[in-house]
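Thanks for asking me to look this one over. I've put my comments as numbered points, so you can follow along with the structure open beside you.

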Amino acid sequence: MPSDFPPWPRVYAFFARWRDAGLVAELHDRLREAVRDAEGRDREPSAAVIDSQSVKADATVALTSRGYDAGKKINGRKRHLLTDTLGLLLAVLVTPASTTDRDAARLLLPAARGRFARLARVWADGGYTGHLVDWSATRLGVVLDIVRRSDDLRGFQVLPRRWVVERSFAWCLRSRRLVRDYERRTDTSEAVILWSMTMLMSRRLAARGQEPGLARAA
């Protein structure tokens with residue numbers, strides 16, 4: 001903890017209280033609305049991008065909430081992010097790394113659709129192909145658009161739409177706490193991701209000066 005902070009148990013007690021009461025998520029969501037307002041966007045998005053990131057778990061993470069991602073060869077947890085087209089976080093789900101993208105999307109997408117009535121299209125990579133595409137269209141009324149990587153190209157390739165959520169993962173990794181997963185509880189991991197994006201958005205709004213959207217969000 002920084003030297004000018006209170007003892008860490010007291011700081012963590014406030015963090016846990018805000019996490020359990022939903023205040024962390026509420027603060028994050030109000031700031032997201034303010035940023036979208038400042039960018040001239042509707043506060044509620046109509047399109048999103050989904051992807052996942054596997055990260056190593058610290059020894060504090062119990063075996064019951066961690067797993068092995070055979071594709072990435074990582075023992076730990078997986079972060080599933082749904083972002084808007086600006087890269088701002090709409091929904092987050094932390095699971096064991098062994099959870100497939102399709103299984104996590106069946107939890108993440110309905111929750112997001114219930115919160116954002118205008119959400120109509122979601123871009124994703126090849127890990128979300130299969131029955132999920134039809135399920136999303138029939139059950140949620142959301143078009144799941146798979147952006148595929150061309151087999152003819154080699155090396156790094158910037159893919160349309162998919163790069164947005166990849167940049168969001170990079171933003172999160174600028175927070176030292178998110179380089180690994182250190183949290184005993186998955187909801188704590190999700191709250192830390194929300195805090196990381198909250199700091200990013202607050203700095204963005206501060207750089208622009210006092211915006212009308214920020215005043216309304218407050």
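**Notes on the model**

1. Let's begin with the whole chain: the protein has 218 residues, and 45% of them count as buried. Keep in mind that this is a predicted model, so everything below describes a prediction.

2. Next, the parts list. You should find seven helices and six strands. If you walk along the sequence, they come in the order α-α-β-β-β-β-α-β-α-β-α-α-α. As for contacts, take those in the protein with a separation of 6 or more: 64% of them involve residues 24 or more positions apart.

3. Now pick out helix H2 (residues 23-38) and helix H6 (residues 186-208). Their axes come within 9 Å and cross at roughly 35°. Which hand does the crossing of H2 and H6 have? It is left-handed.

4. Who touches whom here? On the H2 side, the residues in contact are Val24, Ala25, Leu27, His28, Leu31, Arg32, Ala34, Val35 and Ala38. They meet a set in H6 that includes Leu194, Trp195, Met197, Met201, Leu205 and Arg208. Sorted by class, the H2 and H6 contact has 13 nonpolar, three polar and three charged residues.

5. On to the rings. How many aromatic pairs does a search of the whole structure find? It turns up three. One of the aromatic pairs is Trp18 with Trp195, and it is tilted, at 6.3 Å centre to centre with 45° between the planes. Trp18 belongs to helix H1 (residues 8-21) and Trp195 to helix H6, so this pair ties together parts that are 177 residues apart in sequence.

6. Are these two tryptophans buried, exposed or partly exposed? Trp18 is partly exposed, with a relative accessible area of 36%. Trp195 is also partly exposed, and its relative accessible area is 25%. Buried would mean under 20%, so neither one counts as buried.

7. Don't stop at the pair, though. Phe14 joins Trp18 and Trp195 in one aromatic cluster. Phe14 also has a charged neighbour: Arg17 lies over its face, 5.0 Å from the ring centre.

8. Finally, have a look at another arginine. Where does the charged end of Arg161 sit? You'll see it over the ring of Trp123, at 4.3 Å from the centre of that ring.

Conventions: Residues are numbered from 1 along each chain as its sequence is written. This is a predicted model: local features need pLDDT of at least 70, side-chain atom pairs count only at pLDDT 80 or more; totals for chains, interfaces and linings use all residues. Side-chain values use heavy atoms; hydrogens and water are left out. Axes are lines fitted to C-alpha atoms, for helices over the stretch in contact, and angles run from 0 to 180 degrees between N-to-C directions. Helices (H or I, at least four residues) and strands (E, at least two) are DSSP runs, numbered from the N terminus. A crossing is left-handed if the near helix is turned anticlockwise from the far one by less than a right angle, and right-handed if clockwise. Contact means heavy atoms within 4.5 Å. Ala, Val, Leu, Ile, Met, Phe, Trp, Tyr, Cys and Pro count as nonpolar, Asp, Glu, Lys and Arg as charged, and the others, Gly among them, as polar. Rings of Phe, Tyr and Trp (its six-membered ring) pair if their centres lie within 6.5 Å; planes under 30 degrees apart count as stacked, over 60 as edge-to-face and the rest as tilted. Buried means under 20% relative accessible area, exposed over 50%, partly exposed in between (1.4 Å probe, protein chains only). A charge sits over a ring if NZ of Lys or CZ of Arg is within 6 Å of the ring centre and within 35 degrees of the ring normal.
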